[in-house]
Amino acid sequence: MKLRITATGLLTALTVQYAAAQKQQPIYRNGWIDFNKNGKKDIFEDPTQTVDDRVKDLLSQMTLDEKTCQMATLYGYGRVLKDEMPTPEWKNQVWKDGIANIDEELNSVANNRKAQTKYSFPYSTHAAAINTVQKWFIEQTRLGIPVDFTNEGIHGLNHDRATPLPAPIGIGSTWNRTLVRRAGEIGGREAKLLGYTNVYAPILDPARDPRWGRVVECYGEDPFLIAEMGKQMVLGIQSQGVASTLKHFAVYSIPKGGRDGDARTDPHVAPREMHQIYLYPFRRVIQEAKPMGVMSSYNDWDGEPVTGSYYFLTQLLRQQFGFDGYVVSDSEAVEYLFSKHHVAADYKEAVRQTVEAGLNVRTNFTPPENFITPLRELVKEGKVNMKTIDSRVGDVLRVKFRLGLFDHPYVDEKLADKGVHTAADDSFALQLNRESLVLLKNEKNTLPLNRNAIKNVLVTGPMAKAVSHANSRYGPSNNPVISVLEGIEKLAGKGITVNYTQGCDIVNPGWPGTEIVPTPLSAEEQAGIAEAVSKAKEADVIIAVVGEDDKRVGESLSRTSLDLPGRQLQLLQALHATGKPVVAVLINGQPLTINWENQNLPAILEAWFPGPNGGIAVAEALFGDYNPGGKLTVTFPKSLGQLELNFPFKPGSHAGQPSSGNNGFGRTSVNGALYPFGYGLSYTTFEYSNLVVTPEQQRQQGDIQVSVDVTNTGSKTGDEVAQLYMHDKVSSVTTYVWQLRGFERVTLKPGEKKTLHFTLHPDHLALLDKDMNWTVEPGEFEIAVGTNSEDLQLKKTITIIR
């Protein structure tokens, strides 16, 4: 409480200080604000005028210095900005003429001590702080152009103690549009209450190579599912009056060999594949949800850096997709044209190329003048036309007007404490964690555990007490975390003894080099496993929580193996040798090659990177208080040698090697997926029946209606994700074997049957023809429904006619 009083007192003093400058001529009028302080209502200050007229009027009053300041990001306190609150020195900084946006301002971003601030919490303190910073720009700059306050938000808003959600790969695994829409609404609401006006979410990158470190931040590998989830996230965020900025445009998620870090470039993607897989989610989300922001990526495509590409940033994004917001660069994307891609002789030339290409706002962890100064020089030298500058700045101003920043630039500070991270939000986050769980194996109904039949449970594994993954980058920080061990202890019941030993560390000394040249276990490692074995002998069941933490998977954390890291497999093998049932719980951010585990352990539960209350969700699933029903949105390979192995795929590209018949020269490779796209089990069973497709003959621009009955044929209430797939039998260009074109998650009681309805629009049947035009070709299409991409239980054929 004392902290709140101190911070608020300082804010009040600053407010009084800045208010003194406007005593002679108050700028806050009845229904409008005199931003340029000239004593009259200009067109841009008039809320009754159109946005385009207001933008045009404001641009006409701006100097070159003021315009170029609307083309750069100022990273917030602890990143670039050194002051928590405005100081007199700000009048000597480049932002004395304004700034486009301030990113991650006063959010106490995790893992950065310099960014920790007393203004992030309580929430009302942050709202007041943002108001104070906003007030400085409105009152102390000549034109008073408000700031767009941006922040990350891919699994909950990236702010101190905001509502935390599971990682995006877990969110995708819910296959639940309603939950994703609600997640967006929560992130948008909390942003608005805290003073943020732009949320950097969702990530629309297809995770096609599981070695890539940022798989954990993606919804999955399939473009249709990503588009559906991304659309709901954007609609949810923007329904709260803040902007949604899509990441990362484009072809970002397939660096050569899945290598992240210094490389992040050279995607080997053909043009048609780029449009059908990597651009598809962006096109659909832009056209159907109208996001106000797009972040340009720092990779190249076919030798052309995206952030310096007129084709990507103007022709595709604006002219073809219809994007009408502003483009912000990913950090250092502009600099990379010079320092990495070498398509610019110096940084100044890189600035010119990106602005000409269509970039609106440059972002990097360096002072904004690093970009603004050379940009001003380019204009004065005649190398960048003022019309180009006006166009780029106009896009930024247009978003600010659409956000209402020129009409209501301040937030109500009193609302934040009651509206951010509520009890209802926590309940929702727990449900999202539940629905993200995927049951990968359950031999002989090992799960759920019968509380009446077991007395002693051993919980072991390096992830059992782990918590750092729940507060990982680009999401909320500083929330208390319930580990899997704590969840099991809370839910086991009074008659069950829960013992714990770690067994082994996440990784061993020398890792990851020891994945190439193995080393013997040290005496300490042997002792850790031996202790786990000793306790296992006394247990009725063993729950081994294994996988990766946020230091093993994430941005700049690609892997060269997808086996369980360290000595975790040796731990599982030693536990299995005791003869006691071993249940593996996976905490991880990417598909893993868990072949031995799948072959030998009776039950495996995939939990991904759950949020802080994920330990409760996992424990509920283990004891049967909740029936897991999530499905995989990424293919699990058996071996790295199979990569790429993903869905959708072209005919023959996943073919095996026959030992007899045509080309039957023997078998030299491991074939097939360990777990296919869309896979996931339940504690109950489901049956599909009565597939109806109407009409069975349709014209090229007509809709197709599909219905199917799903029945719970088991003894427990459970969720099924019904999946609708399409196959173009004969086409002018090679198409994918099956393409996901619909899905619905449904909860069914034992014996209950529901009829699910889907609509196939022409876009769902379209392909890119030989001339690279989207078209629906006449011919036969196969429609199938089932429980995953390899278990398609019902099929019908329709005919498209001219």
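Modeller: First, a definition: a helix here is a DSSP run of H or I with at least four residues, and helices are numbered from the N terminus. Also keep in mind that this model is predicted.

Biologist: Okay, let's start with the second largest cavity: which helix gives the largest share of its lining?

Modeller: That cavity has a volume of about 50 Å³. Helix 6 (177-194) and helix 7 (223-238) are the elements that give two or more residues to its lining. The largest share is three residues, and the helix that supplies them is helix 6.

Biologist: And how many charged residues are in the lining of that second largest cavity?

Modeller: Go through the residues: Gly153, Gly156, Leu157, Leu165, Ala183, Gly187, Gly188, Val199, Met233 and Ile237 line the second largest cavity. By class, six of them are nonpolar and four polar, and the number of charged ones is none: no charged residues.

Biologist: Val199 caught my eye. Which residue stands opposite valine 199 of strand 4?

Modeller: Strand 4 (residues 198-200) pairs in the parallel sense with strand 3 (residues 148-152), over three bridges. Look along strand 3 and you'll find the residue opposite valine 199: asparagine 151.

Biologist: Those strands look like part of a bigger sheet. Which strands stand at its edges?

Modeller: It's an open sheet of seven strands with parallel pairing, in the order 1-2-3-4-5-6-9. The two edge strands have a single partner each, so one side of each is left without a neighbour in the sheet; they are strand 1 (73-75) and strand 9 (326-329).

Biologist: What does the twist in that sheet average from one strand to the next?

Modeller: The seven strands go in the order 1-2-3-4-5-6-9. Stepping from one strand to the next, the twist averages 30°.

Biologist: Now the largest cavity. Why does it lie between two domains, and which ones?

Modeller: This cavity has a volume of about 130 Å³. Of its 14 lining residues, Gln276, Tyr736, Gln739, Arg741 and Trp774 are the closest to its centre. Helix 8 (271-278) and strand 20 each supply at least two residues of the lining. The cavity lies between two domains because both give residues to the lining: domain 1 (74-419) and domain 3 (686-800).

Biologist: Strand 20 came up there. How many bridges pair it with strand 19?

Modeller: Strand 20 covers residues 739-748 and strand 19 runs antiparallel to it. Tyrosine 725 of strand 19, for one, stands opposite leucine 740 in strand 20. The bridge count for this pair is nine.

Biologist: What about the other partner, strand 24: which of its residues stands opposite glutamine 723?

Modeller: Six bridges join strand 19 to strand 24 (residues 779-788), and the two run antiparallel. Across from glutamine 723, you land on glycine 786.

Biologist: Is strand 19 mostly buried or exposed, then?

Modeller: Count residues under 20% relative accessible area, the cut-off for buried. Gly718, Glu720, Ala722, Leu724, Met726 and Asp728 point one way, while Asp719, Val721, Gln723, Tyr725 and His727 point the other way, and all make the cut. That's 11 of the 11 residues, so strand 19 is largely enclosed by the rest of the structure, and the word is buried.

Biologist: There's another little sheet, with strands 16, 18 and 21. Which strands are at its edges?

Modeller: This open sheet has the order 16-18-21, with antiparallel pairing. Each edge strand pairs on one side only, and those two are strand 16 (686-694) and strand 21 (753-760).

Biologist: On to the open sites. Which two domains give at least three residues each to the lining of the largest pocket?

Modeller: About 690 Å³ of space lies in that pocket. Of its 40 lining residues, the closest to the centre are Arg214, Glu217, Arg473, Tyr474 and Glu555. By class the lining has 16 nonpolar, 10 polar and 14 charged residues. The two domains are domain 1 (74-419) and domain 2 (437-642).

Biologist: Last one: which helix gives the most to the lining of the second largest pocket?

Modeller: The second largest pocket holds about 320 Å³ of space. Closest to its centre, of 17 lining residues, are Asp563, Leu564, Gly566, Leu569 and Gln570. Helix 19 (568-576) and helix 20 (595-600) are the elements that give two or more residues. With three residues, the top contributor is helix 20.

Terms used: Residues numbered from 1 in each chain as written. Predicted model: local features only at pLDDT ≥ 70, side-chain atom pairs only at ≥ 80, totals over all residues. Heavy atoms only, no water. Pairing = 2+ DSSP bridges. Buried < 20%, exposed > 50% of the residue type's maximum accessible area, 1.4 Å probe, protein only. 1 Å grid on protein atoms, 1.4 Å probe; cavity = no way out; pocket = protein on both sides within 12 Å on 5 of 7 lines; lining within 4 Å. Points joined across faces, edges and corners; volume = space filled by probe spheres on them. Domains from an automatic or database assignment. Nonpolar A, V, L, I, M, F, W, Y, C, P; charged D, E, K, R; others polar. Axes fitted to C-alpha atoms, helices over the stretch in contact; angles between N-to-C directions.
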